[in-house]
Amino acid sequence: MSTIEIKKITKKFGEFTAVKDADLSVKAGEVVCLLGPSGCGKTTTLRMIAGLERTTEGDVVIAGKRMNELPPEKRDIAMVFQFYALYPR
Amino acid sequence: MATSTTTWEKLGFRKAFRVGEAGWGHTLWVALVSFIYFLPVLIIVITSFKVQNEALSVPAKFFPTSFFGLIPEQYVFTPTLENFTSVFSRAFTTGGAVESTGFDRYFFNSMFIAGSSVLLALVIGTLAAFGFSRYPLKGNDTYLFIILTTRMLPAIVVIIPIILMFRIVGLSGSYPGIIFLYTAFNLPFTIWMMKSFFDELSLDVEDAARIDGSSELRVFFKVCLPQVVAGLAATFVFGLILTWNEFLFALLLTGADTRTVPVAMNQAVAGGGIGVLWGLLAAIETLFLIPVFLVTFFLQNHLLRGVTFGTVKR
Ligand SMILES: Nc1ncnc2c1ncn2[C@@H]1O[C@H](COP(=O)(O)OP(=O)(O)OP(=O)(O)O)[C@@H](O)[C@H]1O
Ligand SMILES: [Mg+2]
């Protein structure tokens with residue numbers, strides 16, 4: 001159990017800005033709810049923390065280590081998807 | 001629920017439905033349509049067991065036995081395996097030495113050339129399709145369209161430049177030559193088919209695998225490929241049938257050693273003055289049917305899912 005911190009992260013899809021200057025800090029054992037209308041960038045934020053999306057600006061820090069360039073399999077993190085995602089067989 | 005697997009199903013047949021399950025009306029209708037559909041095949045198979053004058057007789061002799069006198073004599077022929085033996089060997093004069101017609105070689109050629117080019121196209125095409133689906137380039141659709149246009153030209157338009165190119169680089173009449181040509185010939189179809197299968201997959205499944213620690217290669221082989229097995233099977237069978245039947249390129253680009261069955265068949269049945277040897281032709285065709293039939297048969301469960309895939313909106 002360790003901390004997750006995001007510092008001023010921004011995500012742009014071309015011209016479109018999906019997440020802008022988001023800050024968040026989650027301590028070990030803490031339960032956090034990210035609330036917002038549809039399309040406000042919740043999923044995009046989580047995908048950046050998981051490493052499935054690269055940040056345009058800002059840093060993702062997990063357990064005190066900056067993880068911006070690490071691929072998802074190196075981040076030791078888990079995520080549940082909005083829609084089912086079961087492996088075939 | 002005890003669903004027992006019968007020997008029938010173990011052999012690869014689909015679960016047989018009893019006649020009553022679809023209703024007699026449907027069953028009879030399907031039987032009628034299948035009969036009309038398969039009648040030409042049936043005629044070919046029957047003809048392959050006839051000698052020349054029986055093959056030509058009018059009215060056609062349809063029955064190999066008279067069923068204990070039930071069928072009038074004029075519709076009954078005496079089955080013979082003569083045609084099948086003369087596919088592979090023949091004697092020029094009665095009593096002369098028997099020599100090989102080379103058809104064993106041609107059958108091998110057909111299987112080797114069609115099999116390897118379709119597999120090659122499947123490997124290259126599946127990788128390309130995955131790329132087109134997951135890592136789109138700028139102008140992705142334009143590339144895909146250009147790939148498709150290579151199949152829009154009739155073969156006859158491109159055949160002469162291809163012959164000249166093959167002559168110059170020395171591929172004419174060789175195995176690599178015809179195999180590469182067929183691979184290129186199959187690629188557009190393979191890429192388009194496989195791309196549509198990859199497009200249908202849920203990206204979340206792949207992301208979940210990435211978070212769980214899979215590398216990109218592992219995602220492709222362990223997560224994506226198992227989901228498109230039906231597509232691979234369908235693409236393989238379609239490609240195989242197309243290549244198996246191909247005549248024009250084979251006629252002009254294969255040599256004596258690399259000749260395929262469709263070309264050799266055309267040359268073998270010209271009976272030299274007595275017209276087409278229908279019995280021999282039918283025997284070659286019957287043998288020619290078997291390999292593709294077997295492949296299609298053993299892949300049928302995948303195939304049925306493969307061709308209906310993508311028609312159902314998620
Ligand atoms: N790959 C992408 N390319 C372009 N735009 C994207 C992409 N992914 C998301 N967006 C856009 O970014 C915005 C934020 O999307 P996101 O999925 O993060 O929203 P969300 O808060 O999770 O919404 P919901 O509650 O509906 O799940 C949306 O307007 C979406 O259209
Ligand atoms: Mg969302």
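Here are four short exercises, with worked solutions, on a predicted model with chains A and B.

**Exercise 1. Work out the strand order of the open sheet in chain A, and find which strands stand at its edges.**

Step 1. Start with strand E1, residues 4-13 of chain A. E1(A) pairs with E2(A) in the antiparallel sense, over seven bridges.

Step 2. Look for another partner of E1(A). Strand E3 (residues 57-62) of chain A pairs with E1(A) over five bridges, again antiparallel.

Step 3. Carry on from E3(A). Two bridges join E3(A) to E4(A), and these strands run antiparallel.

Step 4. Put the pairs in a row. The four strands line up as E2-E1-E3-E4 in an open sheet with antiparallel pairing. Strand E2 (16-26) and strand E4 (65-66) of chain A each have a single partner strand, so they stand at the edges, with one side of each left without a neighbour in the sheet.

As background, strands of a sheet pair through backbone hydrogen bonds, either parallel or antiparallel.

**Exercise 2. Trace the bridge partners across the sheet, starting from A:Glu5, and then look at the hairpin turns.**

Step 1. On one side, A:Glu5 has A:Ser25 in E2(A) as its bridge partner.

Step 2. Towards E3(A), A:Glu5 stands opposite A:Val61.

Step 3. Hop on from A:Val61, and you land on its bridge partner in E4(A), A:Arg66.

Step 4. Try another spot facing E3(A): A:Lys7 stands opposite A:Asp59.

Step 5. Now for the turns. A:Phe13 has A:Phe16 in E2(A) as its bridge partner. The hairpin of E1(A) and E2(A) has two residues between the strands, and A:Gly14 takes a positive phi near 65° there. E3(A) and E4(A) also form a hairpin with two residues between them, and in that turn A:Ala63 has a positive phi of about 50°.

**Exercise 3. Describe helix H11 of chain B: how far does it reach, and what do its buried residues pack against?**

Step 1. Get a feel for chain B as a whole. Its secondary structure comes to 16 helices and two strands, and 37% of its 314 residues count as buried.

Step 2. Check the span. H11(B) covers residues 216-227, which is 12 residues, and reaches 16 Å from first C-alpha to last, close to the 16 Å expected at 1.5 Å a residue.

Step 3. List the buried residues of H11(B). They are B:Val219, B:Phe220, B:Val223, B:Cys224 and B:Leu225.

Step 4. Keep a rule of thumb in mind: an α-helix has 3.6 residues a turn, so residues three or four places apart point the same way.

Step 5. Find the neighbours. The buried residues of H11(B) pack against four chain B helices: H6 (103-134), H9 (175-200), H10 (203-211) and H12 (229-245).

**Exercise 4. Find the helices behind the nonpolar surface patch of chain B, and decide whether B:Ile290 is buried, partly exposed or exposed.**

Step 1. Gather the members. B:Tyr37, B:Phe38, B:Val41, B:Leu289, B:Ile290, B:Phe293, B:Leu294 and B:Phe298 make a patch of about 840 Å².

Step 2. Match them to helices. H3 (24-47) and H15 (278-298) of chain B each supply at least two residues, and the largest share, five residues, comes from H15(B).

Step 3. Zoom in on B:Ile290, which sits in helix H15 of chain B. Its relative accessible area is 40%, so B:Ile290 is partly exposed.

Terms used
Residues are numbered from 1 along each chain as its sequence is written. Chains are lettered from A and ligands numbered from 1 in the order in which they are written. This is a predicted model: local features need pLDDT of at least 70, side-chain atom pairs count only at pLDDT 80 or more; totals for chains, interfaces and linings use all residues. Side-chain values use heavy atoms; hydrogens and water are left out. Patches are made of residues with over 30% relative accessible area and no salt bridge: like charges are joined within 9 Å, nonpolar side chains (Val, Leu, Ile, Met, Phe, Trp, Tyr) within 5 Å. Accessible areas come from the Shrake-Rupley method with a 1.4 Å probe; for residues, only the protein chains shown count as cover. A salt bridge is a side-chain nitrogen of Lys or Arg within 4 Å of a carboxyl oxygen of Asp or Glu. Buried means under 20% relative accessible area, exposed over 50%, partly exposed in between (1.4 Å probe, protein chains only). The expected span of a helix is 1.5 Å times one less than its number of residues. Contact means heavy atoms within 4.5 Å. Two strands pair if DSSP finds at least two bridges between them.
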